[in-house]
Structures are given as C-alpha cells and as structure tokens.
Amino acid sequence: TVTFADAGHILGSAQVIFDIEEKGRKFRHLFSGDVGRGGDEILRDPQRVENVDYLQIESTYGGREHSPRTDADENVCKLVCDTLKQKGKVIVPAFSVGRTQQIVYVLHQLTDAGRLPRVPIFVDSPLSVNATEVFRLHPECFNDEIYQFLREKHNPFGMENLTYIREVAHSMKLNDLKEPAIIISASGMAEAGRIRHHLKNNIGDPKNLVFFIGYCAEHTLGAQILAGRSPVNIFGEPQEVRAKIASVDAYSGHADKNELRRYVEAMTGDIKKIWCVHGEESQCLAHAETLR
C-alpha cells in the first residue's frame, strides 16, 4: 500500500510511505523525497510519519546549516533598496516552482509594509508563470497565514507593479528598460532559460545586482558567478562581471542538517536501517554521522 504525506518542500511535494507485506512479514518503508524546512512562508510543515521501519532520506544539506529566515528578509530589503537607489536593476535567477513564488511573496510583503519602493517587478519565465497559476489555484496546500492573506486581502502572487511575462517579444523589451526594476527569471542556476539573456545584458553594469536565492551546483554558470569568476562565458562569449553579486541560502526549500535531524526525531517506530541519498557524498556522509 502506498500513502503520500505532505513533504513541505514545494507545492504538492510528497513523502512516500510503503506498507509492505511479503511472506507473512509486514514493515513500513518511508521514502522522504525532498524534505521541507518547516515554517515556510507559503507551505505547510512536513507531516510526521509514524511506525517507520526503514527510511530513505535526502541529504542535500546534511552537513550544513542555513542562515535564519528573518535575516533573509532584512537582507533582501537592504540589497534591493540599495540597488534601486543607485538606479540599478536587480536580476534574480530563481527556480520556477517554489522559489519564484516565495521571493514574489516576500517582495509583496515588503512593498505592502512600505519598505520597498513600488518599482516594476517582472517574472520572466513561461514555466514560472504557469507554476504560479497552479499555486494560486491550490490554496488548500498553503499554511494558515498565507491562506488568511489570500482570503482577506488579495492574491499573494500579484500586485499592481508586478508583471508576468510569457511571450518572447515582451521578454526582449526588458533589454531596453532604462529605469530601476526587479527581474526574476529561470533557471535558478543560470544554466538555461531567459535568465542568461538578462545576465548578458546587465552583469557588466556596476549599478546592478545579481541576487541568487537558491542552490547552484558545481560547474554551473551560477556557481562560477558566485565564486567571483570574471569574465564568465554566456552564450559562448566572455562577459565581464561588474555587477554586485549576492546570495541568500535561507530561502532554500531543503531542510538543513538540524532540520533533517528534527524531521527524523519526530518519527515513531523502531527504525532498523537508514539510507542517506540525494546529496553530494560529503553531505550524505555528514548526515549519516548526525543520524548515528
């Protein structure tokens, strides 16, 4: 028998519970999938699973701790405000599902509170636009706070100064944008999609900010930019990196070392064996040590 439980990682993400009966023996095997951190701006916390015998668990950040989320919102506010004051643009590489909606929600809250000026914000990625529509249609997956916000106020993923862009022609018009703006575009690691066009057009201007809010795997363009490499190759051409580069890991959708430990501690059952999967070797080994 297979049962799905909320994993709190992205919208619709699930832990997979297998209740297995073979040769008169019964046991429960839990496949964690990607585990959310809990306390998410949008999603509910991962559900507690009971009576676990065997566990396969992700280890993306099995050896690392994230910085606190409260600091992240402050960082976003300061970095974005400083850039806009200099008449610069903020370029945000973001994953289409989860991270884009999260940063839009944070920008919405900061704008509503009067802490950010109402500059144009563009979400330029057809997949992000489609994913945001799915989020909007499934408020039953939201935590209580955002559900109330949705019912009492308005769409948490929409405001007057926010434009969602699907068409290539509209995306290309952003190249001619002279005034300060925030452009959120996929992919989060800057490996594909429209973000590379925005980086090519804006990474050479010291007034601008390239702001990473997610994980960049080794050898990706995002990782090279974060490592301080200049020039970097975009569409096969070297581009000097003069823009300010910043990153925040607190918006990660993955539980960190301590959050993964608490997730396992919350389970019940006599866990006989644990497999640490889905992480670089160093993270898997560190996670295994914590769980031991």
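Colleague: Is R25 buried, partly exposed or exposed?

Modeller: In this predicted model, R25 forms a salt bridge with E22, and their closest N and O atoms are 3.5 Å apart. The class of R25 follows from its relative accessible area of 38%, because partly exposed covers values between the 20% and 50% limits. R25 is therefore partly exposed.

Colleague: What is the relative accessible area of E22, the residue with which R25 forms a salt bridge?

Modeller: E22 belongs to the partly exposed class. Its relative accessible area is 40%.

Colleague: How many residues apart in sequence are the parts that the pair R64 and D249 ties together?

Modeller: The side chains of R64 and D249 meet in a salt bridge, with an N to O distance of 3.2 Å. R64 is located in the loop between β4 (54-58) and α1 (69-85), whereas D249 is in the loop between β12 (244-247) and α8 (257-265). The pair therefore ties together parts whose separation in sequence is 185 residues.

Colleague: Is D249 buried, partly exposed or exposed?

Modeller: The salt-bridge partner of D249 is R64, and R64 is partly exposed at a relative accessible area of 36%. For D249 the value is 22%, and a residue counts as buried when it is under 20%. D249 is therefore partly exposed.

Colleague: In which helix are R261 and E265 separated by about one helical turn?

Modeller: R261 and E265 form a salt bridge, their closest N and O atoms being 3.2 Å apart. The two residues are four positions apart, so about one helical turn lies between them. The helix that holds them is α8.

Colleague: Which class, exposed or buried, applies to E265?

Modeller: R261 is partly exposed, with a relative accessible area of 30%. The value for E265 is 53%, and exposed means over 50%. E265 is therefore exposed.

Colleague: Which residues are joined into one network by salt bridges that share partners?

Modeller: A search of the whole structure finds 17 salt bridges. Those that share partners join into one network D53, D270 and K272.

Colleague: What is the volume of the largest pocket?

Modeller: The quantity is an approximate one for the largest pocket. Its volume is about 290 Å³.

Colleague: Which residues lining the largest pocket are the closest to its centre?

Modeller: The lining comprises 21 residues. By class, eleven are nonpolar, eight polar and two charged. The closest to the centre are H9, I10, F95, R99 and G253.

Methods:
Residues are numbered from 1 along each chain as its sequence is written. This is a predicted model: local features need pLDDT of at least 70, side-chain atom pairs count only at pLDDT 80 or more; totals for chains, interfaces and linings use all residues. Side-chain values use heavy atoms; hydrogens and water are left out. On a 1 Å grid over the protein atoms alone, a cavity is a set of points where a 1.4 Å probe fits but cannot get out, and a pocket is an open set with protein on both sides within 12 Å along at least five of seven lines; lining residues have an atom within 4 Å of a point. Grid points are joined across faces, edges and corners, and a volume is the space filled by probe spheres set on the points. Ala, Val, Leu, Ile, Met, Phe, Trp, Tyr, Cys and Pro count as nonpolar, Asp, Glu, Lys and Arg as charged, and the others, Gly among them, as polar. A salt bridge is a side-chain nitrogen of Lys or Arg within 4 Å of a carboxyl oxygen of Asp or Glu. Buried means under 20% relative accessible area, exposed over 50%, partly exposed in between (1.4 Å probe, protein chains only).
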